[in-house]
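Please look at the structure below with its aromatic side chains in view, and follow how ring contacts relate parts of one chain to each other.

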Amino acid sequence: MIWQLIFWISAGALVHTYVVYPALLRLFGSSFRLPDRAPLPEPAPMVVVFMAAYNEEKVIEQKIRSVFNTEYPKDRLAMWIGSDASTDATDAIISRMQQEGLNITFRRFGGRNGKSAILNSMAPEIQADILIPTDANIFFQPQTIPKLVAHFSDAAVGLVGANIINTGMRADGISHQEETYIRRENYMKYYEGVLWGTTMGAFGACYAIRRELFPEIPRNFLMEDFYITMHVIRSGKKAICDLDARALEDVSNLVEEEYKRKVRISAGNYQNLSVYWRMLLNPLSGAGFSFLSHKFLRWMGPFLLILMLLTSLLLWDQNLFFKAAFILQVAGILSPLADRLLVRMNIHTFALRLVAYFYLMNLALLQGAFKYMRGIRSGTWSPTQRNINS
């Protein structure tokens, strides 16, 4: 009986986080919507878009122009960029655009520091009402900034996440599966915002936050966006997501690149769990319930899958159900290999690749857990290889 109990608790936890919780969000959240955005006051809040960059010569000019090609008042907008010892043409491009008269403050950092260290260094110097942290490969739309900032007319709102739209999908890689996952995440975060003001982690690629709520990020933290979002929620302010505040991202199509990124994200997830685990002690609150359902159970996913696999093997002789459960789990584990073999024959099956994506994501979580337990000694990064042409 104890093996059956472990199996069903593990299975139930996975079903809750991946099926039941999203369905509950849609069921109850669809009856609500974000309050109407108020017109921008006169003068509009001072906004600073700021970011760290490392070897982003392929995208940095397009990024900067997307920020300043905005319908937000130009005299109330500035951009701060910290170059993390870039070795390509990134610094030269930024300097050239400064000379065009764009309101850019540029800092070059020696050695590799990591995104969190650069944001920590620049943030205390910035004089603004609203900060918009972002990444180099995220391209704003003309209405991105106005729609994000308009929500701050509500004093209860502390952070507003943008809706990141993926572009550059191709059938021969993993980009469609990644886009499906991110689109689903966007809607879940939107519903969490309208129900409780507890969006579980703004995408670090683009979100707006009140200047006074921007915290110092712990050293070598890999998922600073989740840390900052949870800091806002713990402070008593709302974190919401506006699906109309769109920004574009060229998503990776390479399984290897996306897997490395997921390992990094996963290690950062466990860093955040070590800080915010006490919020799980009140699962009846909006923050506790969404943290438990949306994040914690997912982060435990690889361990739950291992328990299911082992217990179904131990229960093999009990009945046909556990035999089938074990065989299906082994098939799932082998799905990335099956997908790779089919790719070599130029056969692309969305459903199979989605299953493979699920197991690879959980393998990345497991590897990220081991990376966290060994100790994370650096927050540096390299740009993900994406589909943008050279």
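The paragraphs that follow deal with ring pairs, their surroundings and the charges placed over rings.

This is a predicted model, and it holds 18 aromatic pairs. One of them is formed by phenylalanine 7 and phenylalanine 321, whose rings are 6.0 Å apart from centre to centre, with 90 degrees between the planes, an edge-to-face arrangement. The pair links distant parts of the chain, since phenylalanine 7 belongs to helix α1 (residues 2-29) and phenylalanine 321 to helix α11 (residues 320-344), 314 residues apart. Phenylalanine 7 counts as buried because its relative accessible area is 3%, under the 20% cut-off, whereas phenylalanine 321, at 40%, is partly exposed. Both residues also take part in a cluster, in which ring pairs link Phe7, Trp8, Phe321 and Phe322.

A further pair involves helix α1: the ring centres of tyrosine 21 and phenylalanine 289 lie 5.6 Å apart and their planes meet at 80 degrees, so this pair is edge-to-face. Because tyrosine 21 lies in helix α1 and phenylalanine 289 in helix α9 (residues 286-299), the contact ties together parts that are 268 residues apart in sequence. Tyrosine 21 is buried, with a relative accessibility of 0%, while phenylalanine 289 is partly exposed at 26%.

Charged side chains also meet aromatic rings in this model. Arginine 26 lies over the face of tyrosine 187, at 5.8 Å from the ring centre, and arginine 112 is placed over the face of tyrosine 54, where the distance to the ring centre is 3.6 Å.

Conventions: Residues numbered from 1 in each chain as written. Predicted model: local features only at pLDDT ≥ 70, side-chain atom pairs only at ≥ 80, totals over all residues. Heavy atoms only, no water. Phe/Tyr/Trp six-rings, centres within 6.5 Å; stacked < 30°, edge-to-face > 60°. Helix = DSSP H or I, 4+ residues; strand = E, 2+ residues; numbered from the N terminus. Buried < 20%, exposed > 50% of the residue type's maximum accessible area, 1.4 Å probe, protein only. Lys NZ or Arg CZ within 6 Å of the ring centre and 35° of its normal.
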